[in-house]
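These are my notebook entries on a structure that is new to me. I set down in turn what I looked up.

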Amino acid sequence: MGICLSGGRFGRIHCEKGVVVNLRSSAAKILVIDDDEIACEFLQEALSSEGYRVKYFTSARRALEEESLSSYDLLISDIKMPGMDGIAFLREVKKNWPEMPVILVTAFGTLETTMEALRIGAWDYISKPFSPDAIRKLVKKVLDMRQLHAHQKEKRGEKSDTPQFIGSSAVMVEFYKQIARVADSDVSILIEGESGTGKELAARSLHLLSERRDRPFIPVHCGAIPETLLESELFGYEKGAFTGADKSHTGLLEAAQGGTIFLDEITEMSPNLQGKLLRFMQNGEIRRLGDTKPRQVTVRVVAAANKNVDEEVKKGSFRADLLYRFVVRLHIPPLREHKEDLPLLIESLLKKMGYAHIRVSDEAMEMLMAYDWPGNVRELQNVLKQSILLSPFGIIQPENLPDRIRRKQQDALPLPPLEMAEREQILNCLNATQWNISRAAQLLDIDRKTLKSKMVKYGLVRDTFSGS
Ligand SMILES: Nc1ncnc2c1ncn2[C@@H]1O[C@H](COP(=O)(O)OP(=O)(O)OP(=O)(O)O)[C@@H](O)[C@H]1O
Ligand SMILES: [Mg+2]
C-alpha cells in the first residue's frame, strides 16, 4: 500500500502517522490495464510516486467484470492485448461511463488505430516507449481537463463554484484539451465563439487551471462601457487628471496584478484604446491618466469576441498588430455542431437548476435536436427555464416548448398536410406502445415493414432522443 512519497509539485503535503497524503488532487484513482505485467508495474510505480492511487489488471475483460470502474478518475489502457483489446475496452467504457477519461498506450506504427481511438473518445494517447515523466505529465493534464467536467462532482453530490463545461462530444473534448494545454502558460489568448457558447466560462477555466488561480480574475465588458470610462477603468488615474478626479484610482489592469484580466467583446474597443492595450501587451507597462511615470504590471490577458475578428481587421476596425499579440486563438464550437451533447447538457442543466426530476418527452427532445440553437447553451438554459414553468406534470412536452423551436422542426420537414398528419399519427402510436414496432404497426393496421420504412421517411428514430 504505497501512499504518496514525494511532494514538490503539490506544494502542501500533510503528514499523519507517517502517511503522506496529497491534499490537492485528493489522490486521484487510476486504473491501468496492460497484458504485460512489467508495463503495469512500471506505470504503477511512476504514478504512485506522485500520490495517485493506482491499481492494475492484465486483462481488460477481468477489469470490467471485477472492478467498479466508475470509482476511478482515469483509466490507462494498452491498445494491443489478447482477448479484449484496448479499442474494444474503450468502446465498453464509453458506452457505460461516457465521461470517463481514458488514455491509450499505443505502439509504434499504429497511427490508424490511434486515430480510431481518438474518434471513439479516448482523451489522449501516449506512444511506447515513454519515460515516467512523460506519463506523469500526461496524467496531470488529463486530470486537469477532467476538472472541467461537472459529471463526477455532481455524482458525489458536491456543490462547487468552479465553472464546469458539460459535453463529451469529440469537438468539445478537443476544446478542453486545448484549454488544458495553454492554461498554464503566460501567453495571451483570444477566445472566439458565437454568443452563449461559453466564452466567459472558458476564460474562467483558463484562470482556474493556471498557477494564477489564487490571484484575481477580473472580467471587463468592453462593449458595455463608454470609451473614456473604459480607459480610466482599465488604466486608472491620478488625482486631478480630469475634472471630478478628486482622488487617485487604481485601474483594473493594476488590480489584476498576478492574475487574469478578461476583456470581453474586445472588438468593441475604440482604436485609441486598442493602441494603449497594445503598448501594455508589448511591455507590461501601464500609465495612469495624469501620471508621468509608467508602472509595471504582470497580468495575463484573455479576450473574447463573438464577431469574426479577421473580418474586423479587414474592415479596419480592429488593429492587426493587436490581434497578433494574441498568440493563441481558441474557437468554441457552436452548439449546432455538437448536438450529440444535448441530452447530457439538458440533464445536467436541469439538475443544476434544481429540477433533476423533470423529464423531456421523446417528441420534445426530437424538436430540441432539430433546432439550430443560434443562442447556443445560453439559449438552451433559457428555453429549459421557460419550459419547466409550463410543464405541469414534470415532463416537458412539445407544447411546452417555445414556438420557434416547434416551428423549426416543421420547417425542417416541409411535409404536405396529409403526410404531416400521418407522421403525427405514427409518432402517437409509437409513443403509446413505448416504441414497440410490432404493436404500433398493429394499432396502425399496417405491417411492420411498412411502418419501418415510414419511420425512416419521417425521420422517427428513437434511440437518438430517448436520452435515458
Ligand atoms: N458547455 C457548457 N456547459 C455548461 N454550461 C455552459 C456551457 N457553455 C455555456 N454554458 C453556460 O451558458 C451560459 C453562457 O455562457 P457564457 O456567458 O460563458 O457564454 P459567452 O460565450 O460568454 O456568451 P456571450 O457571447 O453571450 O457573452 C453560462 O451560464 C454558462 O455557464
Ligand atoms: Mg460572455
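Entry 1, the chain as a whole. I looked up burial and found that 31% of the 468 residues of the protein chain count as buried. The model is a predicted one. I then turned to secondary structure, where the protein chain shows 21 helices and 18 strands. For contacts with a separation of 6 or more, I noted that 68% join residues 24 or more positions apart.

Entry 2, the surroundings of ligand 1. I listed 15 residues around ligand 1, and those that come nearest are Ile166, Gly198, Lys199, Glu200 and Val377. Two or more residues of this shell come from each of the elements α8 (199-208) and α16. Sorted by class, the shell holds 8 polar, 4 nonpolar and 3 charged residues. Where does ligand 1 lie with respect to domain 2 and domain 3? Domain 2 (170-331) and domain 3 (338-406) both contribute residues to the shell, so ligand 1 lies between them.

Entry 3, helix α16. I checked the length of α16, which runs over residues 376-390. Its 15 residues should span 21 Å at 1.5 Å a residue, and the end C-alpha atoms are 21 Å apart, which agrees. Which residues of α16 are buried? I found Asn376, Val377, Val383, Leu384 and Ser387. These residues cover an arc of only 115 degrees around the axis, so they are on the same side of α16. As background, I recalled that an α-helix has 3.6 residues a turn, so residues three or four places apart point the same way. I noted lastly that Val377 appears in both lists, being buried in α16 and among the residues that come nearest to ligand 1.

Conventions:
Residues numbered from 1 in each chain as written. Chains lettered and ligands numbered in written order. Predicted model: local features only at pLDDT ≥ 70, side-chain atom pairs only at ≥ 80, totals over all residues. Helix = DSSP H or I, 4+ residues; strand = E, 2+ residues; numbered from the N terminus. Expected span 1.5 Å × (residues − 1). Buried ≥ 20, exposed ≤ 12 C-beta atoms within 10 Å, placed from the backbone. Arc of directions from axis to C-beta. Near = placed C-beta within 6 Å. Nonpolar A, V, L, I, M, F, W, Y, C, P; charged D, E, K, R; others polar. Domains from an automatic or database assignment. Contact = placed C-beta atoms within 7 Å.
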